[in-house]
Amino acid sequence: MKPIAALLVLAGLSTAAPSPNVVQDEQAKRAVWPNGPFVTSGRWILDATGKNLTYAGTNWPGHNDVMIPEGLQYQSIETIVQKVKSLGMNAVRLTFAIQMIDEIYSNGGQDITIQRAFVQALGQANGTRVLNQVLAKNPRFNASTTRLQVFDAVAEELAKQQIYVHLDNHISKGMWCCSGTDGNTWWGDTYFSTANWVRGLSYMAEHGKSWRALVSIGLRNEPREPTNNQALSRSAYNWQSWYGYMRQGADAVHKSNPDLLIFLSGMNYDTTLTPVVQGTALTPGSGRFSFGDFPGYANKLVLELHNYENSIGNCNTLQNNLYRNGFQALTSSATNKFPVMMTEFGFQMDDRTWRGVYASCLASYLPAQKAGWFIWVLSGSYYIRSGTQDFEESWGLLNHDWSAWRSPSYVNGALLGMVKNTLS
Ligand SMILES: *[C@@H]1O[C@H](CO)[C@@H](O)[C@H](O)[C@H]1NC(C)=O
Ligand SMILES: *[C@@H]1O[C@H](CO)[C@@H](O)[C@H](O)[C@H]1NC(C)=O
Ligand SMILES: *[C@@H]1O[C@H](CO)[C@@H](O)[C@H](O)[C@H]1NC(C)=O
């Protein structure tokens, strides 16, 4: 380039408005991961630089009886997060029980120690043994570390490895979820106090302000019919009540932490959100879903659905079901448009099941919709599940001691591609 031309270019650069691309690049450079807070715009989630994004991740349970994220007796937090990262995933759905927050309140504002939590849930001998295994694998902890400090450390490591945290209130009483008779089905059920739920959501939303990776929260996992409580079922298991509770929970979260995206889960084990998407009556009343009912944070709402139609014989049928049950919200035909994520789906981790209709259909459908998802489940095993200690999770991505993939053929044959196709 001749000197005179170079001068003209320099002069031009200094006076002309930068192109939109340059502005975007500059914003991206200035921004710091995770580039929050996120907002929604129609069917998209946007970060603070205006870039759209979604999640591709896995569930990491922390809501079972011990109420500590699973797997730490076998591996360090760093190792487990590296495993998630090696899949190219960008998010973890971290589940918690309201009971943990109830116990913080009843313990004078201090969470209980992991020593007490393990002994309470596993008994003196096994609780002590498993605690010592956790301390050996995770020497940063000690017997008086609290459960919440473990959650903090998990969130911190996820941030270090640039993986978003999506918190999920999975259940009220810390235990395996979900059935129609487990006392955690619906607001007002045996263990499901609405007041404690609201308090617990507020607490975690507020506490999570110190977690760099926290970007969203799910209000409640799999609302469902209390099948052993006809009075509750008749009086309250309906869309009208659902809407009142969701608004209450969303409001509590937003007041405590206005940055978070708020995920709404549907009825019948979070398998349907049809009236919300189609804007039809929230029965038995005649009111309808309205973004105006979420003043100041209508652009924070995301829909989440689960699907476990594992024995479906036909991918078209599954896709039609998903569309009808809520994925329509991603399309222009929806009355109310939202981002939609499948926050749970899963299946037996062997060499065969992932090749079947259900798993392969979801592996193509979700990336094609640019819909986010979390596979159930990361856990190779649980400290305790339904009374059995060291429970083997045959649906787990990881094997029993969380050291390797349970089904390498699935990971290499489908999962890596599904992550890539979702995030590209
Ligand atoms: C972002 O939006 C564009 C369409 O505007 C779409 O093609 C792309 O897949 C989206 N990216 C993600 C991660 O959703
Ligand atoms: C204690 O742990 C051992 C080894 O995992 C197990 O066999 C035993 O059943 C556990 N005890 C109880 C009460 O579950
Ligand atoms: C135990 O670990 C926690 C963090 O996990 C820390 O805050 C506390 O100071 C440690 N206590 C002792 C006695 O080392």
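**Entry 1: strand β7 and its neighbours**

I started with strand β7, residues 214–218, and found it mostly covered, with 5 of its 5 residues buried. I keep in mind throughout that this is a predicted model.

I then looked up which strands pair with β7. Strand β6, residues 164–171, is joined to β7 by 4 bridges, and the two run parallel. For the register I noted Val165, which stands opposite Leu214 in β7. Strand β8, residues 261–265, is joined to β7 by 3 bridges, again running parallel. Here Ile217 of the β7 run stands opposite Ile262 in β8.

I also checked the connection from β6 to β7. Together with helix α8, residues 194–207, these two strands make a right-handed β-α-β unit.

**Entry 2: the small sheet**

Next I looked at an open sheet of 3 strands, whose order is β1-β2-β3 and whose pairing is antiparallel. Which strands stand at the edges? They are β1 (39–41) and β3 (52–53); each has a single partner strand, so one side of each is left without a neighbour in the sheet.

I followed the contact between β2 and β3 further. Strand β2 covers residues 44–46, and 2 bridges join it to β3 in antiparallel fashion. Leu46 stands opposite Asn52 in β3.

**Entry 3: ligand 1**

I listed the residues around ligand 1 and got Trp44, Asn52 and Lys370. On its own the ligand has 360 Å² of accessible area, and the protein covers 59% of that. Asn52 had already come up in the sheet, as the residue opposite Leu46.

**Entry 4: the nonpolar core**

I asked which residues of the largest nonpolar core touch the most other members. The core holds 132 residues, and the two in question are Tyr55 and Trp373. By element, helix α7, residues 147–160, gives the most to this core, namely 8 residues. As background, I note that nonpolar side chains tend to be buried together in soluble globular proteins.

**Entry 5: disulfides**

I searched the whole structure for disulfides and found 2. With the bonded cysteines numbered in sequence order, the pairing reads 1-2, 3-4.

One disulfide joins Cys177 to Cys178, with an S to S distance of 1.8 Å. The link of Cys177 and Cys178 has 90° about the S-S bond and is right-handed. Are these two cysteines buried or exposed? Cys177 has 9% relative accessibility and therefore counts as buried, the cut-off being under 20%. Cys178, at 22% relative accessibility, counts as partly exposed.

The other disulfide is formed by Cys315 and Cys361, with their sulfur atoms 2.0 Å apart. This pair links distant parts of the chain: Cys315 lies in helix α13 (residues 315–325) and Cys361 in helix α14 (residues 357–369), 46 residues apart. The link of Cys315 and Cys361 has 75° about the S-S bond and is right-handed. I looked up the cover of both ends as well. Cys315 is partly exposed, with a relative accessible area of 24%, whereas Cys361 is buried, with a relative accessible area of 2%.

Terms used:
Residues numbered from 1 in each chain as written. Chains lettered and ligands numbered in written order. Predicted model: local features only at pLDDT ≥ 70, side-chain atom pairs only at ≥ 80, totals over all residues. Heavy atoms only, no water. Near = heavy atom within 4 Å. Areas by Shrake-Rupley, 256 points an atom, 1.4 Å probe, with all protein chains shown as cover. Pairing = 2+ DSSP bridges. Core = buried A, V, L, I, M, F, W, Y, C linked by side-chain atoms within 4.5 Å. Buried < 20%, exposed > 50% of the residue type's maximum accessible area, 1.4 Å probe, protein only. Right-handed = clockwise from strand over helix to strand, strands pointing away. Disulfide = S-S within 2.5 Å.
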